[in-house]
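Here is a short set of questions and answers on how parts of a structure sit against one another.

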Amino acid sequence: MLMPEAAMAPLPPVPTGEGRLAANILNFARLLRRAGLPIGPADLLAATDAVQRVDLGNRTQVRIALRVTMVHRHEHTELFDHAFNIFWRDPEASRLAQAMAAIDGRKEPPPERIPPGARRLAEAFRPQQEPRKPPEERQEIDAVMTVSEAERLQTMDFEAMSAAEISHAKAEIRKLRLPLDERRTRRLRPDPSGSRTDLRATLRASLKHGGEIIDLSRSRRVTRPPPLVVLCDISGSMSRYAQILLHFLHAVANDRDRVQTFLFGTRLSNISRQLRARDPEVAFQMVSHAVPDWSGGTRIGEALAIFNQDWSRRVLGQGAVVLLVTDGLDRDGAAGLSENMERLHKSCARLIWLNPLLRWDGFAPKSQGIRAMLPHVDEFRPVHSLASLRALIESLSRPASPREMDRWRTA
Amino acid sequence: MSLPSSVAATAALLEAGGYVADPALATTVFLALAMQRPLFLEGEPGTGKTEIAKVLAEQLGRRLVRLQCYDGLDLAAAAYEWDHARQLMAIRLAETSGEAGVTDIYARRFLQSRPLLSAIDPDLPPAVLLIDELDRADEPFEAFLLELLADFQLSIPEYGTVKAAVAPVVVLTSNRTREVHDAIRRRCLYHWVDYPTATRERQILARKAPNVGERLSAEVVAFVQRLRNEDLFKNPGVAESIDWAAALSHLNQHELAAEAVDETLGVLLKYQDDIAKIKGAEAARLVTEAKSVVR
């Protein structure tokens, strides 16, 4: 990093010159790291440098100096300010422990968790047992509305999933690919049969022959799949599918770039970062800690409103395709659902609704929520078993036919 | 002009350019100048991110080099391009004149500068480089910027490395239509530009719309501040407040009136849903509230 004299000097202020200040910044950085902020050594050096350039008597200036160097995302600003207020209030060591505890209280309790994969290891030593039937193959479903009135803030237990189940479903799901129709980008790549002439490469090649152009170098446009945004319902009525759909979402998120995944029940959670962990068990453990409302009620309209407000502008650019996974059974009597579906539909390139209820042949869009949503989707498809997932994937690779939705809308 | 030596001097510098900065932003700008680090400004549209670069260029007496990002922006449009026509011509000339040297077709005179190269060209005066709306460019473009942001230099395979004689002041802005990669964020000082407080917004209006009467501008600010608390799809930015105050002033309004507000709501709100929501009763209520605060 190109720094003026200050940084080029052998960094005297960090360990010695500033005495306790440097040590305190170090401790503060450790505190922030424990609270989950990613702060590297380079950030620490920059912070030390920045603090020495501002007026140390001015609290705001010191806070901003530390913040601009240590925080790189708007989401972390609040946590940082909170930590700053606690830490820099009283530098005495006895209070420090309290501060640490206060910050730790803000994030999920870390330790005494069984390390992910431990159960799989244990099972690996056990004798082979009859694999249980994966839940997605069940044929009956209770039509009882399992929506509870009070929001049930429970944490879903992924422990119930045995290694045999995981490996069976995973093996199936790993074969699935989401071949969304590719979009042309404006990038070029070399291709001997491309349609464009690459003059820069041609001239470079010509130098080998003393400036004689023997062959034209060609390039073509790069195509890449559009960004994918998944909105998945995890309310009580959907819980049968949440487990297996999460596997699917994990496979999709690890298979391609630009996948954003959101779960919603009574609130909306972005789990894109958690799903990016390679090991599904690690990923699901992180997800279950990040998501408070497993198997509660659904407020689809409200969840979509929050998505539209906070996220749509950030993730729906560049021709994004939205997969909306829900049964459309809404607790709020479809309040605000139609408006927010319309907004969502207008903000993305293609909106695909995956509905497990569609498995029944006699399915008719009677529920209020379903009727409110249907006019605003481009495609409407079943998703209740591996077979239907596979069918979905086949259909996604071809563009939607405009007539396909008619039979649902007139129904 | 030399760089400001303290936070207060930076605030004064921005102030002189007509930019009313809060202490946090002034500190951030000061640090970016002092530490020679790029400044990454994120925030809602219309909060004055681009304006900072313009004011800095004007006040520091530097030329402003602006790169507007868009999907598909590539090296040829952003950094440099070889002038192939002249290169071919040079080869032909060398052939006819019987000279052997064709290797010098990669001389500086065949290299066409685009904004990024121009900003660090050691032969040109120091610059302020504004990379505007980085979120509009696609991810591959961000990789082009990494070397430039870290070391203020560009490596051109055929030519060599071009390094700035004086480090440019670099300002990147983003509206968050896409998350910018961590690699970019780490090389910059990050600041979230929020909507201003009522006091600051009045100062901004006084600077940016001097023809608007004191009373009208106070009411406009009170109204817009309240509007931002409503549940809107897109909140109005400072730029919209300025436009709106000017619009009302052009209509010869000296204070807020419900009818004029309804008629000019399109200056403030840019989505039909939002306009439909606010127009009429809601607007009248906000006008009354705004007036009661100003009085």
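Q: How many Å apart do the C-alpha centres of domain 1 and domain 3 of chain B lie?
A: The model is predicted: local features need pLDDT of at least 70, side-chain atom pairs count only at pLDDT 80 or more, and totals for chains, interfaces and linings use all residues. Residues are numbered from 1 along each chain as its sequence is written, with chains lettered from A and ligands numbered from 1 in the order in which they are written. Domain bounds, from an automatic or database domain assignment, put 7–76 + 118–193 of chain B in domain 1 and 198–290 in domain 3. The C-alpha centres of these two domains are separated by 31 Å.

Q: How many residues of domain 3 of chain B are in contact with domain 1 of chain B?
A: Two residues are in contact if their C-beta atoms, placed from the backbone, lie within 7 Å. Domain 1 of chain B contributes 8 residues, and domain 3 of chain B contributes 9.

Q: Which element gives the most to the side of chain A that touches chain B?
A: Chain A brings 35 residues to the contact and chain B brings 37. Helices (H or I, at least four residues) and strands (E, at least two) are DSSP runs, numbered from the N terminus. Elements giving two or more residues on the chain A side include helix H4 (41–53), helix H5 (59–70) and strand S1 (183–190). The top contributor, with 6 residues, is H5(A).
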